[in-house]
Amino acid sequence: MKIVDVAVTPIAFRDPPLLNAAGVHEPWALRTIVEVVTDEGLTGLGETYGDLDHLVHVRAAAKELVGLDVYHQNAVYAAVTRSVGADVVVDRHGLIGAATHEKTVDRVYSPFEVACLDILGKAAGRPVVDLLGGRVRDAVPYSAYLFYKWPGDDPYGAALDPAGLVAQARAMIDRYGFQSIKLKGGVFPPEQEVAGILALREAFPGLPLRIDPNAVWTVDTSIRVGHELDGVLEYLEDPTPGIDGMATVAARVPMPLATNMCVVTHEHLPEAIAKRAVQVLLIDHHYWGGLVRAAHVATLCATFGLELSMHSNSHLGISLAAMTHLAAATSVITHACDTHTPWQNGQDVVAPGALRFVNGAVPVPEGPGLGVELDRDALAVMHEQYEKCGVRTRDDGGYMRSFKPDWKRPVW
Ligand code: GKR
Ligand code: MG
């Protein structure tokens with residue numbers, strides 16, 4: 001089955017002022033929607049980052065795929081590799097770890113692979129989960145992903161202290177039924193964030209908790225916080241930068257360490273495993289080269305005793321569907337996955353109905369392929385928003401400095 005056309009559409013959607021170690025989310029989040037069309041009339045969907053330097057590579061790769069067979073993913077990967085070129089490194093926002101050439105190729109390839117799997121599922125009349133080995137769970141649990149935030153045009157209000165976090169968690173859990181909680185930290189001095197976690201522990205005694213300061217704590221701070229939160233955390237995510245720093249912390253804190261920053265491509269795995277730097281890897285098909293490659297990495301990690309969870313950035317329904325098929329087929333993903341879905345507040349490019357949360361979990365979409373349909377009107381509106389919004393590359397730090405000119409990424 002041959003690829004005859006590939007459409008690449010950048011879009012923008014409203015994003016609340018969520019705070020993180022890199023600054024604050026701009027009012028518009030960017031994504032790129034990929035549609036792969038075949039000579040048999042089937043179309044597959046993919047979703048990826050919207051930053052301009054990435055978009056340029058996605059557009060260039062799209063041209064190289066025409067004429068290839070959707071079954072021949074090795075040929076598709078080779079075409080993307082050639083199109084990206086040698087030594088090119090893209091990805092600057094800094095919250096998903098080091099940028100490498102391998103990661104750049106895997107990021108560009110991912111939406112095309114997902115779209116091809118969508119096509120193959122539609123051709124076979126089976127959901128993507130069946131192409132990945134079949135389901136090991138009927139629904140994928142996600143965590144309530146809390147952020148410190150300014151007030152915005154969203155239902156959650158401001159959250160700048162423990163009471164604000166507890167109120168945000170309650171609103172999100174009431175609406176989605178989440179059974180575990182992640183706090184994006186690295187915003188306030190660690191003692192304030194420890195107080196936030198302890199308030200969440202008191203308010204939600206039965207729910208697993210995690211905190212992720214995106215590597216802005218020193219090794220000493222990470223060890224101190226690790227001891228202060230002994231018995232409180234399910235895992236501590238990226239407290240400090242680098243494999244060596246994480247290994248030092250891991251040897252001295254009582255809880256597992258998780259990462260989506262110090263292990264982000266295959267080349268990081270041997271060292272991280274040898275040094276016992278992390279115990280939980282947050283897999284993400286958007287930069288680990290699509291669903292099949294991400295599933296392979298997950299299985300490889302499990303071989304070495306690592307547990308698996310899943311990372312997310314601001315995303316829409318094509319990504320949520322893909323994440324759900326992957327986690328539904330991958331038994332070694334045993335922790336609730338991250339999702340930014342609540343922060344999108346109903347905005348989507350997929351038609352309503354296929355994706356829903358039941359007790360914090362998303363039932364695997366039943367339809368063939370990804371099981372979601374593109375809402376062309378929504379796509380057109382979001383593309384127009386992209387054309388008009390002026391944002392071309394995510395820049396949380398620049399946006400923060402438009403309010404606080406002296407702001408710098410913290411180190412605690
Ligand atoms: O959306 O601000 C955010 C997050 O901080 C995101 O960019 C991170 O990549 O969710 C992420 C994480 O777990 O590090
Ligand atoms: Mg993280």
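**The surroundings of ligand 1**

Me: How many residues of the shell around ligand 1 are charged?
Reply: Four residues of the shell are nonpolar and nine are polar, where Asp, Glu, Lys and Arg count as charged, Ala, Val, Leu, Ile, Met, Phe, Trp, Tyr, Cys and Pro as nonpolar, and the others, Gly among them, as polar. The model is predicted, and its local features need pLDDT of at least 70, side-chain atom pairs pLDDT 80 or more, while totals for chains, interfaces and linings use all residues. Residues are numbered from 1 along each chain, chains are lettered from A and ligands numbered from 1 as written, and side-chain values use heavy atoms without hydrogens or water. The number of charged residues in the shell is five.

Me: Which residue has a polar side-chain atom 2.4 Å from an oxygen atom of ligand 1?
Reply: Oxygen atoms of ligand 1 take part in polar contacts (pairs of N or O atoms within 3.5 Å). For the side chain of histidine 340 the distance is 2.7 Å, and for that of arginine 394 it is 3.1 Å. The residue at 2.4 Å is tyrosine 145.

Me: Between which domains does ligand 1 lie, and why?
Reply: Domain bounds come from an automatic or database assignment. Two domains both give residues to the shell, so ligand 1 lies between them. These are domain 1 (3–126 + 375–386) and domain 2 (131–363).

Key. A polar contact is a pair of N or O atoms within 3.5 Å; within protein, one must be able to donate a hydrogen and the other to accept it, and residues adjacent in sequence count only if both atoms are side-chain atoms.
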